[in-house]
Amino acid sequence: MNPVEIPPPPRLEARHISKIYGIAAQRALQLLRSGADKATVQAETGCQVGLHDVSLAIAAGHTHVIMGLSGSGKSTLVRHFNRLIDPSDGDILLDGQNILSLDAAGLRDLRRRRISMVFQGFGLLPHETVQGNVAYGLLTRGEKKATVLDKARRWIDRVGLTGYHDRHPHELSGGMRQRVGLARALAMETDILLMDEPFSALDPLTRRDMQQLLIDLQAELQKTIVFITHDLAEAFRLGQRIAMLRDGQLVQDAPPEEIRHAPADDYVARFVATLG
Ligand SMILES: Nc1ncnc2c1ncn2[C@@H]1O[C@H](COP(=O)(O)OP(=O)(O)O)[C@@H](O)[C@H]1O
Ligand SMILES: [Mg+2]
C-alpha cells in the first residue's frame, strides 16, 4: 500500500477575500454577489473593487508569485497578509489562526516578528545610514544596540553591501537601495516575507542580479515568500506557484509549468506569450 501523502497546512491563507474601496462597500458587495463586474460596480456605487472572492493558500517554505496587470489587485491582496489592509469580507489565516481577530499587541507582534515586507519604492529612511535603516526595525522591537549592530552588519554583508554601512540612501544606486530594503527585511528574521514588485523599478541587468540574490538566499533560508510581479519571466525564475489576478479575481493558481502549458484563459495565455 502506498502511504498517502498529506500536504502540510498552509502558512498563509486568504479565504473568500473581497476588498471594496469606497463608502458604499456593502452595496458594492451585494452587486458583486449578484454577478456584477468591476466596471458595473464602479458605475453604480462609485466604489473600486480591489478584490472579489479571492481564496489562496501559501505553502510553507515556498515562493508564491502573484501576477496580474496593473490594477488587478496584487498589492491589495498582499497587504491583507500583514493587515495593512482589512478585507470587506472574508478571512486571513496565519498558521490556521484568523489574524483579523488580533488585538493591538498581536498586530504589533505580527508585523515585528512574524512577517516582514519589501516595497517597490524601497521605503528607506533618507536620513539614516544603510546600517541605521537595517537596524531600525530591530531597535523598535526592543533589541539591544550591540547585538542589533552586529546583526545589521551581517545582513548588509549578506546582500553584497560590505563597506557601505555608513552610506546614505541617496548615495546608492537603485539596485543597492533595494539590497538595503532586502537586508532590512531579512534582519527581522521573520520566516514570512512579502515582496511587492521589489525589482520592478530596476534596470534589466540589476533586476537579474537581484533575482539571483533572492534565489541564493532562498536556497539557504527557505522562507515563505509572497512575491508580486507583472513579469512572467521573473515569476518563472522565482516561483514554485503562480497566482494570476485579473480585475480583482483569481483566474489561475498553479505551478509555472501548468501556467505555461494549460493557461486558464486568454488573459493568462497573453502573459505566457510574452515568454517567447
Ligand atoms: N486606496 C485606494 N482607494 C481606492 N481605490 C484603490 C485604492 N487602492 C487600490 N485601489 C483600486 O483597487 C484596484 C486594485 O489596485 P491594486 O491592488 O493597487 O492593484 P495592483 O497592485 O495589481 O496594481 C484598482 O482598481 C485600484 O485603482
Ligand atoms: Mg501594486
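# A tour of two sheets and their helices

Start by selecting helix 8, residues 204–221. In this predicted model, helix 8 lies across strand 3, strand 7 (192–196) and strand 8. Its direction runs at about 165° to strand 8.

**Stop 1: the six-stranded sheet**

Now show the strands beneath that helix as a cartoon. Six strands form an open sheet here, and the pairing is mixed. Read across in the order 6-7-8-3-9-10. Strand 6 (115–119) and strand 10 (249–254) each have a single partner strand, so one side of each is left without a neighbour in the sheet. From one strand to the next, the twist averages 15°.

Zoom in on strand 3 (residues 63–67) and strand 8 (residues 224–229). They pair in the parallel sense, over five bridges. Pick Thr-63. Which residue is the bridge partner of Thr-63 in strand 8? Select Ile-225 to see that partner.

Next, select helix 11, residues 266–273. Helix 11 lies across strand 3, strand 9 (241–246) and strand 10. Against strand 9, helix 11 runs at about 125°.

**Stop 2: helix 7 against helix 8**

Go back to helix 8 and add helix 7, residues 174–187. The two axes come within 10 Å and cross at roughly 20°. That angle is under 35 degrees, so helix 7 counts as roughly parallel to helix 8. The crossing is right-handed.

Show side chains at the contact. From helix 7, pick Gly-175, Gln-178, Arg-179, Leu-182 and Leu-186. From helix 8, pick Thr-206, Asp-209, Met-210, Leu-213, Leu-217 and Leu-221. Colour these residues by type: six are nonpolar, three polar and two charged.

**Stop 3: helix 5 against helix 7**

Keep helix 7 and hide helix 8. Bring in helix 5, residues 130–140. How do the axes of helix 5 and helix 7 cross, and within what distance do they come? They cross at roughly 30° and come within 8 Å. Helix 5 is therefore roughly parallel to helix 7. This crossing is right-handed.

For the contact, select Val-130, Asn-133, Val-134 and Leu-138 on helix 5. On helix 7, the residues are Val-180, Ala-183, Arg-184 and Ala-187. This contact divides into six nonpolar residues, one polar and one charged.

**Stop 4: the four-stranded sheet**

Clear the view and turn to the other sheet. Four strands form an open sheet in the order 2-1-4-5, with antiparallel pairing. Strand 2 (48–58) and strand 5 (97–98) are the edge strands, and each pairs on one side only.

Focus on strand 1, residues 12–21. Seven bridges join strand 1 to strand 2, and the two run antiparallel. Label Ile-20. Opposite Ile-20 in strand 2 stands Val-49.

Now add helix 1, residues 25–33. Helix 1 packs on the sheet and touches strand 1, strand 2 and strand 4 (89–94). Its direction makes about 115° with that of strand 1. Then add helix 3, residues 74–81. Helix 3 also packs on the sheet, touching strand 1, strand 2 and strand 4. Helix 3 makes about 125° with the direction of strand 1.

**Stop 5: two backbone oddities**

Most residues other than glycine have a negative phi. Check two residues with a positive value.

- Select His-16, in strand 1. Its phi is near 50°.
- Select Glu-197, in the loop between strand 7 and helix 8. Its phi is about 45°. Is Glu-197 buried or exposed? Its relative accessibility is 9%, so Glu-197 counts as buried.

**Stop 6: Asn-82**

Move to the loop between helix 3 and strand 4, and select Asn-82. Asn-82 is buried, with a relative accessible area of 5%. Leave aside its neighbours within four places in sequence. Which residues is Asn-82 then in contact with? Display Leu-110, Arg-111, Ile-115, Met-117 and Leu-194.

**Stop 7: Ala-39**

Finish on helix 2, residues 38–45, where Ala-39 lies. Turn on the surface. Ala-39 has 51% relative accessibility and counts as exposed, because the cut-off is over 50%. Last, draw a C-alpha to C-alpha distance from Ala-39 to Arg-27. The pair are 14 Å apart in space and twelve residues apart in sequence.

Terms used. Residues are numbered from 1 along each chain as its sequence is written. Chains are lettered from A and ligands numbered from 1 in the order in which they are written. This is a predicted model: local features need pLDDT of at least 70, side-chain atom pairs count only at pLDDT 80 or more; totals for chains, interfaces and linings use all residues. Side-chain values use heavy atoms; hydrogens and water are left out. Two strands pair if DSSP finds at least two bridges between them. Axes are lines fitted to C-alpha atoms, for helices over the stretch in contact, and angles run from 0 to 180 degrees between N-to-C directions. Contact means heavy atoms within 4.5 Å. Angles under 35 degrees count as roughly parallel, over 145 as roughly antiparallel, 65 to 115 as roughly perpendicular and the rest as oblique. A crossing is left-handed if the near helix is turned anticlockwise from the far one by less than a right angle, and right-handed if clockwise. Ala, Val, Leu, Ile, Met, Phe, Trp, Tyr, Cys and Pro count as nonpolar, Asp, Glu, Lys and Arg as charged, and the others, Gly among them, as polar. Buried means under 20% relative accessible area, exposed over 50%, partly exposed in between (1.4 Å probe, protein chains only).
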